[in-house]
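Student: I would like to learn how features of a fold are read, one at a time, with the general idea first and the case at hand second. Please begin with the surroundings of a single side chain.

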Amino acid sequence: MEAGVPDPQVMTLSTVDADGVPDARVLVLRDVDTAEAGWLFAADAASPKGRQLALSPMAALSVYWPQLGRQVRVRGAVEPAPAAVSADEFRHRSPGARVASLVGRQSEPLGSLAAYDLAAEEAQLLLDADPQLVAAGHTVYVLRAHEVEFWQGDPGRRHVRLRYTRTGLGTGRIAWTHTLLWP
């Protein structure tokens with residue numbers, strides 16, 4: 001953010017569907033819990049990504065800042081955050097984002113933009129009637145990192161790659177080992 005990179009919190013989340021076919025989409029990284037190695041993002045539990053995470057709760061995410069020549073890659077298990085965390089995150093979203101979430105039906109076929117506009121108007125009326133309303137499937141997910149790689153690009157292709165691997169899983173104590181990787 002300090003470097004002025006546009007949308008520095010935008011990431012790509014990768015999951016797999018029921019057939020094991022990879023799927024990726026761009027989302028907003030909501031927060032990072034450094035103490036628990038958690039990377040937080042939000043989605044509708046009924047959306048394709050929500051259904052994929054329910055079937056296979058493992059994912060990868062990547063963040064790339066081309067202006068800085070930097071990338072971060074994260075892999076790990078995904079779990080839903082407590083309902084109160086999801087509700088609080090939803091209530092702090094922009095009004096437009098809340099309406100879009102209340103419309104729902106993400107990735108389903110849409111007959112016309114007019115049909116969306118009508119559904120958005122209805123969702124806005126619901127939100128006006130109850131400003132504390134939270135979309136039923138709105139879920140904050142936490143990717144618990146098992147592995148994180150930091151990549152620093154170099155114009156001469158002498159990239160620096162550091163992979164951190166989490167140790168002590170299941171012990172209640174998070175520790176990391178790190179390895180320098182070939183470019």
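Student: Which residues is R144 in contact with, once its neighbours within four places in sequence are left aside?

Tutor: Contact here means heavy atoms within 4.5 Å. With those sequence neighbours set aside, R144 is in contact with D33, E36, A37, G38, R75, G76, A77, E79 and R166. Before going further, note that this is a predicted model, in which local features need pLDDT of at least 70 and side-chain atom pairs count only at pLDDT 80 or more, while totals for chains, interfaces and linings use all residues. Residues are numbered from 1 along each chain as its sequence is written, and side-chain values use heavy atoms, with hydrogens and water left out.

Student: Where does R144 lie among the secondary-structure elements, and in what order do the elements of the chain run?

Tutor: Elements are DSSP runs numbered from the N terminus, a helix being H or I over at least four residues and a strand E over at least two. R144 lies in strand β7. The protein chain has 4 helices and 9 strands, and from the N terminus on their order is β-β-β-β-α-β-β-α-α-α-β-β-β. The C-alpha trace spans about 55 × 40 × 35 Å along its principal axes, and of the contacts between residues at least 6 apart in sequence, 55% join residues at least 24 apart.

Student: What does such a long-range pairing look like at G69?

Tutor: G69 belongs to the loop between β5 and β6, and its C-alpha atom is separated by 4.8 Å from that of G153, although the two glycines are 84 residues apart along the chain. If residues up to four places away in sequence are not counted, G69 touches W151, Q152 and G153.

Student: Is G69 buried or exposed?

Tutor: A residue is buried under 20% relative accessible area, exposed over 50% and partly exposed in between, with a 1.4 Å probe and protein chains only. G69, at 16%, counts as buried. For the protein chain, buried residues make up 34% of its 183 residues.

Student: Which residues of helix α2 are buried, and how should I read their placement around the helix?

Tutor: An α-helix has 3.6 residues a turn, so residues three or four places apart point the same way. In α2, which runs over residues 83-91, the buried ones are S86, A87, E89 and F90. These four lie on the same side of α2, because they cover an arc of only 165° around the axis, where the arc is taken from the directions that lead from the helix axis to the C-beta atoms. Among the elements that cover the buried residues of α2 are β4, α3 and β7.

Student: What should I make of positive phi values outside glycine?

Tutor: There are two cases to look at here, and both can be read through backbone, location and accessibility. R105 has a positive phi of about 60° although it is not a glycine; R105 is found in the loop between α3 and α4, and with a relative accessible area of 53% R105 is exposed. R157, also not a glycine, has a positive phi of about 70°; R157 lies in the loop between β7 and β8 (160-167) and is exposed, at 63%.

Student: How much space lies in the largest pocket, and which residues lie nearest its centre?

Tutor: On a 1 Å grid over the protein atoms alone, a cavity is a set of points where a 1.4 Å probe fits but cannot get out, a pocket is an open set with protein on both sides within 12 Å along at least five of seven lines, and lining residues have an atom within 4 Å of a point. Grid points are joined across faces, edges and corners, and a volume is the space filled by probe spheres set on them. The largest pocket holds about 650 Å³, and of its 29 lining residues A100, S101, G104, R105 and Q106 lie nearest the centre. Two or more lining residues come from each of β2 (22-28), β4 (38-44), α1 (48-55), α3 (95-103) and α4 (113-129), with the largest share, 4 residues, coming from α3.

Student: How much space lies in the second largest pocket, and what lines the largest cavity?

Tutor: The second largest pocket holds about 290 Å³, and of its 17 lining residues V32, T34, W39, V148 and F150 are the closest to the centre. At least two residues each are supplied by β3 (31-33), β4, β5 (58-65) and β7 (138-152), and β7 gives the most, with 3 residues. As for cavities, the rule finds 1 of 30 Å³ or more. The largest cavity has about 40 Å³ of space and is lined by R73, V74, R75, E147, V148 and E149, so to read its walls you would look to β6 (70-80) and β7, the elements that give two or more residues to that lining.
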